[in-house]
Each structure stands twice: as structure tokens, then as C-alpha cells.
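Visitor: I'd like to know how the labels in a structure description are earned. Could you take me through a few of them?

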Amino acid sequence: MSTEADDIVSAIIAKWCAGFATLDAAALSSLYSKNAFFFGSNPKLYRGRDGVTEYFNGLPRWRQPSAVFSDVNAAQVGPDLINMAATISFDLAGERDDLVVKMSWVIIREDGEWKIVNHHASSQAPLI
């Protein structure tokens, strides 16, 4: 049974995957809060939409990138707060090895729209 949180997260994931497929930094950053914290595939903390734009503009220009979310878990924490955890498989069409990461998002309602306020990617491989 789908919950409202599942539906909200699914809609954001669909937009995120579409933006990633074209490496559209503007479309991707529009999904994030103006106060976002973003840890991606490098150690730097990016802040706000400008930081998210900087991150995505800094990625290699792969010809056909795609991302597939699996094991998605969403929980409504409050009326304006959703927690999400998933696994993302990145297919970079042979331009580099495929990449699988754990992802967590905190999603808030900001100015009437749902936005990612915290984005954290981490290695799927055990660190310890």
C-alpha cells in the first residue's frame, strides 16, 4: 500500500533521475532546499542550491548516465518532514565502472513544495 510519503518520494526520484540522465544541474538543484546540505561522491559539503548546482556541473559529462533507485524506504516524520533511504545504481554506459551507493534524503515542505534539505551518499561496501 502506497502512503503519501511514498508518493512524494517517488515523484522526487522520477524528477531526479530525469535530471541526472541529462546532467541538468539547474533541474537537479531545483529539487533541493535553499538551505540544503549535500554530500555526494566526493568529501566536500555543498550548501544550498548553488552548491548543488556546483556539484552537478563538476561531474564528468558522461554521454548516457542513468540512475536506478531500489530498496526505497520513506517515512513521514511530521507534516512537513519525510525521511528517505535507498540504494542507487548508476550506469555510466561503460565510460567508467558502474557505481552503487547508499543514499539518504531528508525532505521538507518549503514554500509549499517538497524539497531535499539533506542529501547523503555513502559507499555500499562496508568501511569497517
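Guide: Gladly! Let's start with a cut-off: a residue is buried under 20% relative accessible area, exposed over 50%, and partly exposed in between. Please keep in mind that this is a predicted model.

Visitor: Why is arginine 109 called partly exposed?

Guide: Its relative accessibility is 35%. Partly exposed is the class between 20% and 50%, so arginine 109 counts as partly exposed.

Visitor: What makes the contact of aspartate 80 with arginine 109 a salt bridge?

Guide: The closest N and O atoms of the two are 2.7 Å apart. The cut-off is a side-chain nitrogen of Lys or Arg within 4 Å of a carboxyl oxygen of Asp or Glu, so the pair qualifies. The pair links distant parts of the chain: aspartate 80 sits in the loop between S3 and S4, arginine 109 in strand S5, 29 residues apart. Aspartate 80, at 39% relative accessibility, also counts as partly exposed.

Visitor: Which parts does the salt bridge of glutamate 54 with lysine 44 tie together?

Guide: Glutamate 54 lies in helix H3 and lysine 44 in the loop between S1 and S2, so parts 10 residues apart in sequence are tied together. The closest N and O atoms of this pair are 2.9 Å apart. Glutamate 54 has a relative accessible area of 43% and is partly exposed; lysine 44 is partly exposed at 39%.

Visitor: And lysine 115: buried or exposed?

Guide: Buried, with a relative accessible area of 11%; the cut-off for that word is under 20%. Its side chain meets that of glutamate 113 in a salt bridge, at 3.2 Å from N to O. Glutamate 113 is partly exposed at 45%. The whole structure holds 5 salt bridges.

Visitor: What makes S2 and S3 the edge strands?

Guide: The open sheet has 6 strands in the order S2-S1-S6-S5-S4-S3, with mixed pairing. Strand S2 (45-47) and strand S3 (66-78) each pair on one side only.

Visitor: How do you know that S1 and S2 pair?

Guide: 3 bridges join the antiparallel strands S1 and S2. Pairing needs at least two bridges, so S1 and S2 meet the criterion. Phenylalanine 37, for example, has arginine 47 in S2 as its bridge partner.

Visitor: How many bridges do S3 and S4 have?

Guide: 10, in the antiparallel sense. Serine 70 has threonine 87 in S4 as its bridge partner, and a hairpin joins S3 to S4 through 2 residues.

Note on methods: Residues are numbered from 1 along each chain as its sequence is written. This is a predicted model: local features need pLDDT of at least 70, side-chain atom pairs count only at pLDDT 80 or more; totals for chains, interfaces and linings use all residues. Side-chain values use heavy atoms; hydrogens and water are left out. Helices (H or I, at least four residues) and strands (E, at least two) are DSSP runs, numbered from the N terminus. Buried means under 20% relative accessible area, exposed over 50%, partly exposed in between (1.4 Å probe, protein chains only).
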